[in-house]
Amino acid sequence: MITINDIFRMKIAYEEALLAYKLNEVPIGCIIWHEAENKIIGQGHNRRTTEKNVLYHAEIIAINQACQYIGDWRLEGCRLYVTVEPCPMCAGAILQARVPVVVYGASNQKAGCAGSVYNLLDDSRFNHRAEVIAGVYEEECAELMRNFFKKFRNTK
């Protein structure tokens, strides 16, 4: 069930995505919300091209910050908000970090691993699973992606 808090927090992740857009990066933004402290403890936006490093996905950056904040690799008391459905690498990192809830905006029909192509986050063969809440602020997140790729194709 989508709550008003989920929408509010996804709008913050969307602001991160806008930062990526301004850098000519794929516009994906992510925040990690610590439930007990009621605040953001990690945030990021795509910077693969800027950093020339495949690991600089929004989710990985946010997970790294959140782990540093907590001082542990387990993010069990957190919710991850990301504007686009996580890819296989990010879904794996989410599982490894033990994030219990993942909220995303737009689906990713080409690489999504939270239900579109595959659901890595709910595979019973793993020792951890994450609840997935999809479609929060979906149209805005999808439109930002469409605009980016339209602009990208027009400049090629």
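**A tour of an aromatic cluster**

Begin by selecting Phe148, which is buried, with a relative accessibility of 5%. The model on display is a predicted one, and the stops below follow the aromatic rings around this residue.

Next, add Tyr21 to the selection. Tyr21 is partly exposed, at 23% relative accessible area. Among the five aromatic pairs found in a search of the whole structure is the one between Tyr21 and Phe148, an edge-to-face arrangement with 6.2 Å from centre to centre and 70° between the planes. Colouring the helices helps at this point: Tyr21 belongs to helix 1 (residues 4-22) and Phe148 to helix 5 (residues 138-155), so this pair ties together parts that lie 127 residues apart in sequence.

Remain in helix 5 and select Phe149 and Phe152, which are three residues apart and therefore separated by about one helical turn. These two rings also form an edge-to-face pair, with 6.5 Å centre to centre and 80° between the planes. Phe149 is partly exposed, with a relative accessible area of 30%; Phe152 is likewise partly exposed, with 38%.

Now display the four residues at once: Tyr21, Phe148, Phe149 and Phe152 make up one aromatic cluster.

For the last stop, return to the ring of Tyr21 and select Lys151. What sits over the ring of Tyr21? The charged end of Lys151 does, 4.4 Å from the ring centre. Tyr21 thus offers two contacts to inspect: the edge-to-face pair with Phe148 and the charged end of Lys151 over its ring.

Methods: Residues are numbered from 1 along each chain as its sequence is written. This is a predicted model: local features need pLDDT of at least 70, side-chain atom pairs count only at pLDDT 80 or more; totals for chains, interfaces and linings use all residues. Side-chain values use heavy atoms; hydrogens and water are left out. Rings of Phe, Tyr and Trp (its six-membered ring) pair if their centres lie within 6.5 Å; planes under 30 degrees apart count as stacked, over 60 as edge-to-face and the rest as tilted. Helices (H or I, at least four residues) and strands (E, at least two) are DSSP runs, numbered from the N terminus. Buried means under 20% relative accessible area, exposed over 50%, partly exposed in between (1.4 Å probe, protein chains only). A charge sits over a ring if NZ of Lys or CZ of Arg is within 6 Å of the ring centre and within 35 degrees of the ring normal.
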